[in-house]
Amino acid sequence: MDNPTVDNDTRGGKRASKIVYDKNVTEASHHRPWFRGEHTNFNPSRSQMVPDTAVRDWVVQGWAPAAPAINPGTQICAFGSCFAFNISNWLAKRNYHVLTRDESAKGAYVVSMGEGMVNTYVIRQQFEWAWEDKSFDGELWHGYKAESYGYDPEVQAETKRLFDTTDVFILTFGLSEVWYDEPTGNVFWRTIPKDVYDPERHKFRVVTPDENRENIEAIYQLIRKHRPDAKIIVTLSPVPLSATFRDNSCLTSNSVSKASLRVAVDQVLRAHKAEGHLFYWPSYEIVTDVFHLPYKEDRRHVMREVLDYIMTEFEHRWCENADSPPPSLRTAWVRALSSAGMLPGNLVRACENRNVAAVDKLLTREKLSDEPDRDAAIRVLLADLAEEWREDKAAATA
């Protein structure tokens with residue numbers, strides 16, 4: 001685009017302004033007039049998203065802790081949407097202390113139904129019930145088989161004990177579509193069991209960004225009040241709605257549902273990030289903006305290789321364990337890219353077997369991408385991967 005200037009001209013006694021474009025302005029000088037602020041972070045190109053540092057540089061940047069805050073002695077409580085289940089599983093298998101995986105804690109609803117607590121209201125309810133002894137009118141909490149979960153004082157006490165001993169809370173929010181009890185305004189865990197549904201009382205709505213912000217803010221303040229030294233990691237589940245109760249398509253409703261939560265999370269983070277207790281882990285953006293085909297055939301559940309990569313990246317940024325170093329980030333990255341159709345498919349198996357010969361064979365191909373810059377970046381990535389495997393094998397046999 002040419003650079004415009006304003007030329008004042010007089011015609012018929014009137015002063016008129018017209019825009020004159022300077023045809024001699026070079027492309028390099030085109031951007032000079034614009035002030036870019038203290039922080040300017042650009043959207044990456046396709047070739048820039050190839051290196052194994054891509055997610056760290058272009059997605060996690062600005063959200064990672066200054067130093068790892070989780071070690072084998074750190075007590076972790078993770079619940080929320082079904083994505084929290086993946087986080088709990090990974091950390092537990094890697095020998096970190098996930099309280100919500102302890103046999104002694106299985107009575108708490110955040111354990112038995114933790115991955116089913118998908119909206120901000122129901123997560124807030126658990127904190128208010130456990131720590132503030134808040135009571136709720138009616139049967140709000142129902143299990144997967146429509147069974148009612150009451151306000152059992154023993155479960156309440158177990159939930160309080162769990163929260164009272166947590167060092168790091170990992171809370172995963174999933175959706176903004178809720179069913180609620182109109183007379184009280186209280187929100188249900190999920191939709192209403194058919195045998196108790198009352199159309200005059202039980203209503204559906206979409207939670208607004210302000211309501212989500214208020215709930216997340218309340219959760220933050222409750223944790224700061226009762227566990228002032230605890231860290232709080234908030235994530236947004238990349239798993240989309242399976243269906244919507246609105247009268248429009250599920251795909252468009254899902255966009256609204258996620259956007260409402262993402263805006264709310266960002267508002268609370270901007271308000272409290274400097275305090276050093278609240279953090280965001282961008283699993284949602286890693287799935288939806290980094291990988292081309294990250295979902296299984298149902299277009300809802302994230303492929304295992306992509307999930308493994310996200311958790312490997314999380315462990316590298318958040319966790320510290322001298323006795324069990326994190327898995328190779330480069331291997332997990334290549335495996336995830338391959339499973340999502342962004343690198344040759346046979347790399348999934350090659351990564352599982354650490355097959356150097358298979359990688360070397362790929363590097364003999366004339367083209368690995370039709371884009372020259374991306375082709376070059378892929379070759380560097382695969383060459384580094386093969387070299388890493390060679391070094392690891394040599395170290396193991398030394």
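How many bridges pair strand E3 (residues 75-80) with E7, and in which sense do the two strands run? The answer is 5 bridges, in the parallel sense. Keep in mind that you're looking at a predicted model. The chain has 398 residues, and 49% of them are buried. Its secondary structure comes to 13 helices and 11 strands, and this briefing walks you through some of them.

**The whole chain**

- Picture a box of roughly 85 × 75 × 40 Å, taken along the principal axes: that's what the C-alpha atoms fill.
- Take the contacts in the chain with a separation of 6 or more: 68% of them involve residues 24 or more positions apart.
- The chain exposes about 20,600 Å², and carbon and sulfur atoms supply 50% of that area.
- There are 49 positive and 58 negative charges on the chain, and the mean positions of the two groups are 4 Å apart.

**The five-stranded sheet**

- Now for the sheet that E3 and E7 belong to: it is an open sheet of 5 strands, paired in parallel, in the order E4-E3-E7-E10-E11.
- E4 and E11 stand at the edges with a single partner strand each, so one side of each has no neighbour in the sheet.
- Where E3 meets E7, you can find Ala 78 standing opposite Ile 170 of E7.
- On to the next pair: E7 (residues 168-173) and E10 are joined in the parallel sense over 6 bridges.
- One spot to look for there is Val 168, whose bridge partner in E10 is Lys 231.
- E10 also runs parallel to strand E11 (residues 278-281), and 4 bridges join these two.
- In that pairing, Ile 232 has Leu 278 of E11 as its bridge partner.
- To get from E10 to E11, the chain goes through helix H7 (residues 250-272), and this β-α-β crossover is right-handed.
- Why is strand E10 (residues 231-236) described as largely enclosed by the rest of the structure? Because 5 of its 6 residues are buried.

**Zooming in on Leu 278**

- Leu 278 sits in strand E11, and it is buried because its relative accessibility is 3%, under the 20% cut-off.
- Beyond its neighbours within four places in sequence, Leu 278 is in contact with Tyr 220, Ile 232, Val 234, Val 268, Leu 269, His 272 and Lys 273.
- Val 234 is a nice one to check: Leu 278 and Val 234 are 44 residues apart along the chain, and their C-alpha atoms are separated by 7.6 Å.

**Helices and the residues in them**

- Helix H8 (residues 283-290) has 6 of its 8 residues buried, so this helix is largely enclosed by the rest of the structure.
- The buried residues of H8 are Ser 283, Tyr 284, Glu 285, Ile 286, Val 287 and Val 290.
- Here's a handy bit of background: an α-helix has 3.6 residues a turn, so residues three or four places apart point the same way.
- Trp 131 is in helix H4 (residues 120-132), and with 8% relative accessibility Trp 131 counts as buried.
- If you leave aside the neighbours within four places in sequence, the contacts of Trp 131 are Lys 160, Phe 163, Asp 164, Phe 169, Leu 222, Ile 223, His 226 and Arg 227.
- Trp 131 and Phe 291 are 160 residues apart along the chain, and 40 Å separates their C-alpha atoms.
- Gln 156 belongs to helix H5 (residues 153-164), and its relative accessible area of 15% makes Gln 156 buried.
- Not counting residues up to four places away in sequence, Gln 156 touches Trp 129, Ala 130 and Asp 133.

**Positive phi in the loops**

- Asn 95 isn't a glycine, yet it has a positive phi of about 70°.
- You'll find Asn 95 in the loop between helix H2 (83-93) and strand E4 (97-98).
- Is Asn 95 buried or exposed? Asn 95 counts as exposed, at 56% relative accessibility.
- Arg 354 is another residue other than glycine with a positive phi, this time near 50°.
- Its loop lies between helix H11 (347-353) and helix H12 (356-362), and Arg 354 is partly exposed there, with a relative accessible area of 34%.

Terms used: Residues are numbered from 1 along each chain as its sequence is written. This is a predicted model: local features need pLDDT of at least 70, side-chain atom pairs count only at pLDDT 80 or more; totals for chains, interfaces and linings use all residues. Side-chain values use heavy atoms; hydrogens and water are left out. Buried means under 20% relative accessible area, exposed over 50%, partly exposed in between (1.4 Å probe, protein chains only). Two strands pair if DSSP finds at least two bridges between them. A crossover is right-handed if, with the strands pointing away from the viewer, the path from the first strand over the helix to the second runs clockwise. Contact means heavy atoms within 4.5 Å. Accessible areas come from the Shrake-Rupley method with a 1.4 Å probe; for residues, only the protein chains shown count as cover. Lys and Arg count as positive and Asp and Glu as negative; His and the chain ends are not counted. The place of a charge is taken as NZ of Lys, CZ of Arg, CG of Asp or CD of Glu.
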